[in-house]
Amino acid sequence: MTKNSSRSIAGNSNSMLYLQIAMLSCCTFNFDILWNLKESLLITRLGAEAIPFIKLMVVMPVAFIFLITYSFLANRLSKRTLFAVALIPFLIWMPLFSMVIYPNLESFAPTTALALLSPLIHENLQFIVGMVYYWPLTLFFAVAELWGSAVICTLFWTAVNDFHNAQSATRQYPLITMIGSSASIISGPMLYYCVSRGVMAPDSGWQDSLEILSLLFVLFGLLILLLNEYCCHLTSKNLTDPNRQKTHTPTNLPLLASARYLLRCPYLASIALVMLAYCIAINMVELAWKSQLVQLYPCEADYSMFMGKVAMISGIGSLICGLLTPTLLKISWWAAAFATPIILTATALPFFLLAMYQKSQVSFFGICYMDLTMIGLQIGMYCHALGKSAKYTLFDATKEITFVPLDAERKYKGKAAIELVVSRVGKSGSSFFQQILITLFGSLSLAMSWLAGAFILAIALWLIAIKHLGRHYHERTEP
């Protein structure tokens, strides 16, 4: 290879790195917008107890539909076209919801059917009636949940994995995740400003805020499409690299055949187990925290502004975790992989202990008082923010590195199955457990000890899965 061609490939590699960082930043902006709105619009109306039912009854089927459609199209479309076809429906849905559906929310309610349904529902589960009454908000929640697993974890990371080998992934993935996820430092204040500006408006302030956020979502989405087009253009210039030729092998197995093929792969099974344990653990602590948070911020605008602050803290946490990632990876892959469950456990256990403690205040010799409820909420906020930070830096970097040594079939179909099905099974399975607790106890606040126990079991499963995955990964990458 000549010096000029080597210099050209190196230049394209740097350009690709900048483009991938920009793409992840835009994905993070849109993730924060959807995450903020799905929480504010639905939880303030129905309470956090509705989330497990929505994840099981709505989000899970929607994820399966996306997976089946994605698998069908992956065998028929080019990667560039597949990326656009999978992303564009999100860009259509957002303005349709904010400008047409949400202003006329009451007119979409099936009041006649609800009059027949309501007497049949147990008194502790009456929010199911609210889920049906506000079905557009329920659907919005499902679409928002899908953005993280479908767009970021599947579309974006599959495109990134195509361009890297094990060595370049170890070197560049920490930088991509750190800078891309740190975009929340900007999106958090942006969300807070848009909502607070709307609240101060005399008339339909919240509606104006919703439309502004919808417009920003579409703009960032279009920018993602443009950046991906340029990435594909740069990739086509590097076809002389044999590693990239191999990763562009088309996948031809249908979905069911792919599933049988993947289940026989212990390597993918280990990745799936890591994802499953993460989803169960994070779902337990997040829902426990939100069940208390909504009592403090029952108004959708106030809840949204608070979540804007949480997003900013998450961005700062992403910067810190991103700076730690290269150092931990230099020590070993295991050191970086174990960091996320350690961070989550260190912040979640104090929250659960305070939540299970019955007293709301503690006095010290009658001189000063501590509001334990508020302290617990603050610890839960940092647990939520840092858990999200670690997920999109340490967790994603270590997980995506393990996909790089795989062949195209396992990389595409296996990744889609793990991100869309396994993650949904983890969240829906834990949601089913939470549904049982809500039915038995009436609310999640009364079942904190059970949530804490399930969290600890998930962390133990997570640590075991990391140990097995690390062994498989090193067997494939070490000479």
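Which residues touch the most other members of the largest nonpolar core? Hold that thought for a moment, everyone, while I introduce the structure. What you have in front of you is a predicted model, so please keep that in mind as I talk.

Back to the opening question. The largest nonpolar core holds 152 residues, and the ones that touch the most other members are W147, F352 and W462. Let me take one of these, F352, and show you its surroundings. Leaving out residues up to four places away in sequence, F352 touches M284, V285 and A288, and it also touches M448, L451, A452 and F455.

Now let's step back to the whole chain. There are 17 helices and two strands in its secondary structure. The chain has 479 residues, and 57% of them count as buried. Its accessible surface is about 20000 Å², with 69% of that belonging to carbon and sulfur atoms. One more figure for the overall picture: take the contacts between residues at least 6 apart in sequence, and 85% of them join residues at least 24 apart.

With that background, let's look at a pair of helices. Please find helix α7, residues 166-181, and helix α15, residues 372-403. How do their axes cross? They come within 9 Å of each other, at a crossing angle of roughly 150 degrees, and the crossing of α7 and α15 is right-handed. On the α7 side, the residues that meet the partner helix are A169, T170, Y173, T177, M178 and S181. On the α15 side they are Y392, T393, A397, E400 and I401. Sorted by character, the residues of this contact are six nonpolar, four polar and one charged.

Let me zoom in on A397, one of the α15 residues in that meeting. Is A397 buried or exposed? It is buried, because its relative accessible area is 0%. Besides its neighbours within four places in sequence, A397 is in contact with Y173, T177 and T325. You will recognise Y173 and T177 from the α7 list. The C-alpha atoms of A397 and T170 are 8.1 Å apart, although their positions lie 227 residues apart along the chain as a separation in sequence.

Next, over to another long-range pair, S40 and V294. S40 is in helix α1, which covers residues 3-46, while V294 is in helix α12, covering residues 266-296. These two positions are 254 residues apart along the chain, and their C-alpha atoms are separated by 9.2 Å. S40 counts as buried because its relative accessibility is 0%. V294, at 13% relative accessibility, also comes under the 20% cut-off, and so it counts as buried.

What does each of them touch, once neighbours within four places in sequence are set aside? For S40, the contacts are W206, E300, Y303 and S304. For V294, they are I43, T44, A48 and Y303. If you were listening for a name on both lists, it is Y303.

For a contrast, come with me to P189 in helix α8, residues 184-199. Is P189 buried or partly exposed? With a relative accessible area of 34%, P189 is partly exposed, because that value falls between the 20% and 50% cut-offs. Apart from neighbours within four places in sequence, P189 is in contact with S184, G308 and M312. Its C-alpha atom is separated by 9.6 Å from that of V310, a residue 121 places away along the chain.

My last stop is H474, in helix α17, residues 448-477. Why does H474 count as buried? Its relative accessibility is 17%, and buried means under 20%, so H474 falls on the buried side. Not counting residues up to four places away in sequence, H474 touches two tryptophans, W333 and W334.

To wrap up, here is what I'd like you to take away. The predicted chain has 17 helices and two strands, and in its largest nonpolar core W147, F352 and W462 touch the most other members. When you open the structure yourselves, α7 and α15 with their right-handed crossing are a nice place to begin. Thanks for listening!

Methods: Residues are numbered from 1 along each chain as its sequence is written. This is a predicted model: local features need pLDDT of at least 70, side-chain atom pairs count only at pLDDT 80 or more; totals for chains, interfaces and linings use all residues. Side-chain values use heavy atoms; hydrogens and water are left out. Helices (H or I, at least four residues) and strands (E, at least two) are DSSP runs, numbered from the N terminus. Buried means under 20% relative accessible area, exposed over 50%, partly exposed in between (1.4 Å probe, protein chains only). Contact means heavy atoms within 4.5 Å. Accessible areas come from the Shrake-Rupley method with a 1.4 Å probe; for residues, only the protein chains shown count as cover. A nonpolar core is a set of buried Ala, Val, Leu, Ile, Met, Phe, Trp, Tyr and Cys residues joined through side-chain atoms within 4.5 Å. Axes are lines fitted to C-alpha atoms, for helices over the stretch in contact, and angles run from 0 to 180 degrees between N-to-C directions. A crossing is left-handed if the near helix is turned anticlockwise from the far one by less than a right angle, and right-handed if clockwise. Ala, Val, Leu, Ile, Met, Phe, Trp, Tyr, Cys and Pro count as nonpolar, Asp, Glu, Lys and Arg as charged, and the others, Gly among them, as polar.
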